[in-house]
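These are my notebook entries from a session of looking things up in one structure, written in the sequence in which I looked.

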Amino acid sequence: MKKILCLLFICVLHTNLNAQSVNFDNVYKACILAQSSMSYGLGSQVEIREAANLLTKTSWSPLILQNVDIKHEASIKNHLVFSPEFLKAVADNRSVYKHAKMYQEEQIAAQRGGDVLLCTKCVKAQKSVVYAFRHTGGNSNIAAIAEVNGLINLSVIVKDQNGQESKPYKITSDEFKGASSRKLQSIKVPEGNSILYITIENKSKKDKSVAIIVE
């Protein structure tokens, strides 16, 4: 009986972990789709609506980050906000870009529910910003997706409750020029009150908005 209960527990745990990973992958997929839908400045209404619908159907919550070094944050006005409400509005009227700040604030305030967290930030050309996020331990997945024609790098340092810092988690391929998206999987976070320091580097020659996803 104990073996059966143990197997059931493992199955339930495995299912929950898979569900979280599916939600993370769906949010990531929706942001990639939103990015590609704006290629060459034309915009595909079908892709935009598909991205909006995927974000609407997926379980996620607003990501609230602590500001560590944000002197190179840029205004979100006229940039893409990775939220279903903004994407739906873009599909109907491209002029909503000038109201991007309103949609960014609504994204932060929204009450959705879900273990996957999402927010949109904007970074000045060829500059970087640093944010912090508290984590109680386990594996963490973190991704960043730039708006169309954006090139970025993502790095994460884990600081445990004793002040010990990990080596940076990052993807080194094309680090000099950056990539349109970055995904760091299975970051090891010690049990306790740890802090993740998330650095977003904009390698583009223009200011770019960036979706940040944390699980």
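**Entry on β4 and its neighbour.** I started with strand β4, residues 128–135, and found that it pairs with β9 in the antiparallel sense over eight bridges. To fix the register for myself I looked up one position, and I noted that Y131 stands opposite I198 in β9. I should record here that I am reading a predicted model.

**Entry on the other side of β9.** Next I followed β9, residues 194–202, to strand β6, residues 152–159, and these two also pair in the antiparallel sense over eight bridges. Which residue of β9 is the bridge partner of I152? I found that N202 is the partner of I152, and further along I saw that I157 stands opposite Y197 in β9.

**Entry on the sheet as a whole.** I then wrote out the open sheet to which these strands belong, which has five strands in the order β2-β4-β9-β6-β7 with antiparallel pairing. The edge strands are β2 (66–69) and β7 (169–170), and each of them pairs on one side only. As a reminder to myself, strands of a sheet pair through backbone hydrogen bonds, either parallel or antiparallel.

**Entry on D160.** I looked up D160 and placed it in the loop between β6 and β7. Leaving aside neighbours within four places in sequence, I found D160 in contact with P190, N193 and S194. I also noted that D160 and V189 are 29 residues apart along the chain, while their C-alpha atoms are separated by 7.7 Å.

**Entry on another sheet.** I turned to the open sheet of five strands in the order β1-β3-β10-β5-β8, and here I recorded the pairing as mixed. At its edges stand β1 (61–62) and β8 (181–189), each with a single partner strand, so one side of each is left without a neighbour in the sheet. Within this sheet I checked β3 against strand β10, residues 208–214, and found that they run antiparallel and are joined by seven bridges. For one position in that pairing, I noted that the bridge partner of C122 in β10 is S209.

**Entry on a pocket.** I looked up the second largest pocket, for which I noted a volume of about 230 Å³. Of the 17 residues that line this pocket, the closest to its centre are E73, K101, Q104, I108 and K121. Two elements give two or more residues to the lining, namely α4 (100–109) and β3 (117–123). Which element gives the most to this lining? I found that β3 does, with four residues. When I sorted the lining by kind of residue, I recorded nine nonpolar, four polar and four charged.

**Entry on aromatic rings.** I noted that the structure holds two aromatic pairs. One of them is formed by F86 and Y97, and I recorded it as edge-to-face, with 5.3 Å from centre to centre and 85 degrees between the planes. Since F86 lies in helix α3 (residues 84–92) and Y97 in the loop between α3 and α4, the pair ties together parts that are eleven residues apart in sequence.

**Entry on confidence.** Last, I looked up how confident the predictor is, and I found that the protein chain averages a pLDDT of 88, with 88% of the residues scoring at least 70. Over residues 2–20, however, the pLDDT is below 50, and beyond near neighbours in sequence this stretch has three contacts in the model.

Note on methods
Residues are numbered from 1 along each chain as its sequence is written. This is a predicted model: local features need pLDDT of at least 70, side-chain atom pairs count only at pLDDT 80 or more; totals for chains, interfaces and linings use all residues. Side-chain values use heavy atoms; hydrogens and water are left out. On a 1 Å grid over the protein atoms alone, a cavity is a set of points where a 1.4 Å probe fits but cannot get out, and a pocket is an open set with protein on both sides within 12 Å along at least five of seven lines; lining residues have an atom within 4 Å of a point. Grid points are joined across faces, edges and corners, and a volume is the space filled by probe spheres set on the points. Ala, Val, Leu, Ile, Met, Phe, Trp, Tyr, Cys and Pro count as nonpolar, Asp, Glu, Lys and Arg as charged, and the others, Gly among them, as polar. Two strands pair if DSSP finds at least two bridges between them. pLDDT is the predictor's confidence in each residue, from 0 to 100. Contact means heavy atoms within 4.5 Å. Rings of Phe, Tyr and Trp (its six-membered ring) pair if their centres lie within 6.5 Å; planes under 30 degrees apart count as stacked, over 60 as edge-to-face and the rest as tilted.
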